[in-house]
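Reader: I would like a close look at one part of this model, namely how its strands are put together into sheets, with the residues that illustrate the pairing. Please set that part within the whole chain and say how far the prediction can be relied on.

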Amino acid sequence: MTLPVRRGGPLAERRLPGWGTDPLTEFNDLFGRMGTLLESTMGGAMGPMTQGMAWSPLADLSETDDAYLVEVEVPGVKREDLDIEMTERELTITGEFKERERTGMLRRSTRRRGRFEYRAALPGDINPEHIEATLEGGVLTVTVPKAGTTEARHIEITSGH
């Protein structure tokens, strides 16, 4: 059986029409441009077609011996624009980055704005009565204490009847 042979050297050495030397770099650039175009035509999270849709801010979830610690980046968001809910073992943080009033014409913006939502399913039992939240330096910190651990105890076997 014969196989077709490509002429002109290996594919890695050839340049495709309209592409640079590395097609993956060009693809990443194209993907970024498409995202920018989409945001400019739909208005990002504030556009009419995405009204009500939320995105998720950057966050860290860590665990200590006695609590789960959730740190969410929310620079410029006021305390009254945040809402925290806990259902069973799922933590939900919602809020809104509000558009500030500007003077002059805004030429370009890469900041996210609009409604956001962060959800985290915590892996263990929690104590919902003692959850604490602080907002400092643009970081919302939610401390969710773990439920008290039950220590092993010896159980006596009694005779039947």
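Author: Two strands are taken as paired here if DSSP finds at least two bridges between them. On that basis, an open sheet of 3 strands can be described, with the order 3-4-5 and antiparallel pairing. Its edge strands are strand 3, covering residues 82-87, and strand 5, covering residues 114-121, each of which pairs on one side only. Neighbouring strands of this sheet are turned against each other by 15° on average, with direction ignored.

Before going further into the details, the background should be stated: this is a predicted model, with a mean pLDDT of 77 for the protein, and 66% of its residues reach 70 or more. One stretch calls for particular caution, since over residues 43-52 pLDDT stays under 50, and for these residues the model has 13 contacts beyond four places in sequence. The secondary structure of the protein comes to 1 helix and 7 strands, and from the N terminus on the elements run α-β-β-β-β-β-β-β. Of the 161 residues in the protein, 19% are buried. The protein exposes about 13500 Å², of which carbon and sulfur atoms supply 52%. Among contacts between residues at least 6 apart in sequence, 52% join residues at least 24 apart.

Returning to the sheet with the order 3-4-5, strand 3 is joined by 6 bridges to strand 4, residues 90-97, and the two run antiparallel. One of the pairs can be named: Met86 has Leu91 in strand 4 as its bridge partner. In the loop between strand 3 and strand 4 one finds Glu88, a residue with a positive phi of about 50° although it is not a glycine. Glu88 has a relative accessibility of 77%, and because this is over 50% it counts as exposed.

Thr92, which is found in strand 4, gives a contrasting view of the surroundings. Its relative accessibility is 10%, and because this is under 20% Thr92 counts as buried. Leaving aside residues up to four places away in sequence, Thr92 touches Asp83, Ile84 and Glu85, and also Glu117, Tyr118 and Arg119. With Arg119 there is, in addition, a polar contact between the two side chains, at 3.4 Å.

The other sheet to examine is formed by 4 strands; it is open, has the order 1-2-7-6, and is paired in antiparallel fashion. Strand 1, residues 59-63, and strand 6 stand at its edges, and because each has a single partner strand, one side of each is left without a neighbour in the sheet. From one strand to the next, the twist averages 15°.

Within this sheet, strand 7 can be followed through its pairings with strand 2 and with strand 6. Strand 2, residues 67-73, is joined to strand 7 by 7 bridges, and the two run antiparallel. Among the residues paired in this way, Tyr68 has Val144 in strand 7 as its bridge partner, while Glu71 is bridged to Thr141 of strand 7. Strand 6, residues 132-136, is joined to strand 7, residues 139-145, by 5 bridges, again with an antiparallel run. Here Thr134 has Thr141 in strand 7 as its bridge partner, and Glu136 stands opposite Val139 in strand 7. Strand 6 and strand 7 form a hairpin with 2 residues between the strands, in which Gly137 takes a positive phi near 60°. Strand 7 is mostly covered, with 5 of its 7 residues buried.

Leu69, which lies in strand 2, shows how residues of this sheet meet across the sequence. Not counting residues up to four places away in sequence, Leu69 touches Asp60, Leu61 and Ser62 as well as Thr141, Val142 and Thr143. Leu69 and Pro145 are 76 residues apart in sequence, and the distance between them in space is 8.5 Å, C-alpha to C-alpha. Leu69 has a relative accessible area of 23%, and because this lies between 20% and 50% the residue is described as partly exposed.

Technical notes
Residues numbered from 1 in each chain as written. Predicted model: local features only at pLDDT ≥ 70, side-chain atom pairs only at ≥ 80, totals over all residues. Heavy atoms only, no water. pLDDT = per-residue confidence, 0-100. Contact = heavy atoms within 4.5 Å. Axes fitted to C-alpha atoms, helices over the stretch in contact; angles between N-to-C directions. Buried < 20%, exposed > 50% of the residue type's maximum accessible area, 1.4 Å probe, protein only. Polar contact = N/O pair within 3.5 Å; in protein donor to acceptor, adjacent residues only side chain to side chain. Areas by Shrake-Rupley, 256 points an atom, 1.4 Å probe, with all protein chains shown as cover.
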